[in-house]
Amino acid sequence: MKRVFSGVQPTSQIHIGNYIGAIKRFVDLQDDMDCFFCIVDLHSITVPQDPKKLYENSLQLAALYMAVGLDPNKVTLFLQSHVPAHSELAWLLQCNTYMGELNRMTQFKEKSKGKDTVTTGLYTYPVLMAADILLYGTDYVPVGNDQKQHLEICRDVALRFNKKFGETFVIPDPLISKFGARIMALDDPTKKMSKSNENKHSKINLLDTPSKIKKSIMKAITDSDSEVRYDVENKPGVSNLMTIYNILGGLSLEDIENKYAGLGYGAFKKDLVEIVVLSLEPIQKKYEEILNSGEVEKVLKKGAEKANEVSNEFLEKAKINMGF
Ligand code: ADP
Ligand code: NA
């Protein structure tokens with residue numbers, strides 16, 4: 001069976017971009033592949049985190065993973081910090097990564113722009129991510145479009161390592177869907193929807209209330225004509241909303257265009273609110289149940305056992321090949 005690895009940071013809330021671009025797709029893979037889904041808490045500390053909330057955020061994300069339909073009996077769910085091999089391999093890989101490679105990373109440029117101080121952890125983030133992936137002999141990494149560059153560096157470092165020290169790592173392929181891999185911000189459809197955007201109406205979080213969802217969608221930036229038409233270049237706002245409508249509501253883009261011909265944005269947005277609210281309702285209900293069940297920590301403990309077992313084998317191989 002092919003091996004899958006992916007991770008999400010336990011920072012703030014999970015938005016529908018994370019859901020559509022990543023987590024929803026994890027669910028589709030769980031029956032056919034051997035999946036490892038990680039809560040990458042070590043990644044989250046590349047920017048300041050409140051120590052009182054870090055662990056709680058991780059438990060909440062684990063509950064959300066299960067609430068969207070990931071079955072802990074089919075997939076391995078675990079916390080990155082429960083598996084020491086991630087930090088250890090990251091160091092070995094850092095000594096095989098060039099500064100020139102990291103200097104090219106657009107995410108680092110964006111996240112460090114305008115900051116007075118930036119940690120070296122934010123800079124070496126892609127190397128920790130490479131360790132995450134390579135420790136599981138991963139074939140496929142389902143991610144959103146923003147992670148494409150990080151996947152490329154992971155492949156480059158793994159190929160270099162194998163060449164220098166002998167066959168050690170499986171070279172992973174990204175799984176980025178052709179459609180929905182980059183959900184845009186509702187307040188500015190030229191930027192991706194992102195956890196770090198401070199405007200709460202720039203995104204819809206999976207745990208948002210119906211009234212918040214309504215407000216965010218009704219305020220979403222569109223354009224000055226009123227035709228519901230899919231045209232990413234000239235109508236990025238409407239096209240983004242149509243993408244969400246299609247993926248959560250199931251209607252094809254063409255059917256959406258026909259349905260709202262002559263009706264304008266108001267009717268379209270009103271229906272989209274209903275579609276989003278209805279698709280998040282069961283997730284929110286299940287989330288509360290799971291969080292209150294006391295099962296989450298047990299699942300993560302079991303997940304960590306399996307993850308430690310698999311990752312230690314790859315770590316050992318890497319160390320032996322390097323001469324340790
Ligand atoms: P964020 O990028 O919002 O800070 P993460 O780094 O935790 O969140 O990303 C988790 C997953 O969600 C990654 O696979 C990432 O590529 C995906 N993702 C993030 N933002 C979007 C988006 N706007 N559209 C589609 N996928 C996204
Ligand atoms: Na990201």
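E297 is found in helix α13, which covers residues 296-322. This is a predicted model, and E297 is one of several positions picked out below. E297 counts as exposed, because only 12 or fewer C-beta neighbours are allowed for that label and E297 has 12 inside 10 Å. The briefing then turns to paired strands, a ligand shell and an annotated aspartate.

**Helix α13 and its distant partner**
- The C-alpha atoms of E297 and L59 are separated by 7.3 Å.
- Along the chain, E297 and L59 are 238 residues apart.
- L59 falls within the span given for α3, residues 51-67.

**Strands β1 and β2**
- Strand β1 runs over residues 3-8, and it pairs with β2 in the parallel sense.
- Six bridges join β1 and β2.
- V4 stands opposite C35 in β2.
- G7 stands opposite C38, also in β2.
- From β1 the chain crosses through α1 to β2, and this β-α-β crossover is right-handed.
- β1 is mostly covered, with five of its six residues buried.
- β2, residues 34-39, is mostly covered too: five of its six residues are buried.

**Strand β3**
- Strand β3 spans residues 76-79 and pairs with β2 in the parallel sense.
- Four bridges link β2 and β3.
- F36 has T76 as its bridge partner in β3.
- F37 stands opposite L77 in β3.
- T76 and F78 point one way from β3, while L77 and L79 point the other way.
- T76, L77, F78 and L79 are all buried.

**The shell around ligand 1**
- Ligand 1 is surrounded by 19 residues.
- The closest are G17, G21, A22, V143 and G144.
- Helix α1, residues 16-29, supplies the largest share of this shell, namely five residues.
- By type, the shell divides into seven nonpolar, eight polar and four charged residues.
- Helix α1 is also the helix through which the chain crosses from β1 to β2.

**The annotated residue D132**
- An unreviewed UniProt entry places the feature "binding site" at D132.
- D132 sits in helix α7, residues 120-134.
- D132 is buried because 27 other C-beta atoms lie within 10 Å, and 20 or more are enough for that label.
- Leaving aside residues up to four places away in sequence, D132 touches F5, G7, C38, V40, Q80 and H86.
- Two of these contacts, G7 and C38, stand opposite each other, with C38 in β2.

**Loop positions**
- I45 lies in the loop between α2 (41-44) and α3 (51-67).
- I45 has 17 C-beta neighbours inside 10 Å, so it counts as partly exposed.
- I45 and T119 are 74 residues apart along the chain, yet their C-alpha atoms are separated by 9.5 Å.
- V118 is placed in the loop between α6 (106-112) and α7.
- V118 is partly exposed, with 14 other C-beta atoms within 10 Å.
- V118 and L64 are 54 residues apart in sequence and 30 Å apart in space, C-alpha to C-alpha.

**Helix α6**
- K109 lies in helix α6.
- K109 is exposed, since 10 other C-beta atoms lie within 10 Å.
- The C-alpha atoms of K109 and Y123 are separated by 9.1 Å.
- K109 and Y123 are 14 residues apart along the chain.

Notes: Residues numbered from 1 in each chain as written. Chains lettered and ligands numbered in written order. Predicted model: local features only at pLDDT ≥ 70, side-chain atom pairs only at ≥ 80, totals over all residues. UniProt positions renumbered as here; feature names shortened; annotations may be inferred. Helix = DSSP H or I, 4+ residues; strand = E, 2+ residues; numbered from the N terminus. Contact = placed C-beta atoms within 7 Å. Near = placed C-beta within 6 Å. Nonpolar A, V, L, I, M, F, W, Y, C, P; charged D, E, K, R; others polar. Pairing = 2+ DSSP bridges. Right-handed = clockwise from strand over helix to strand, strands pointing away.
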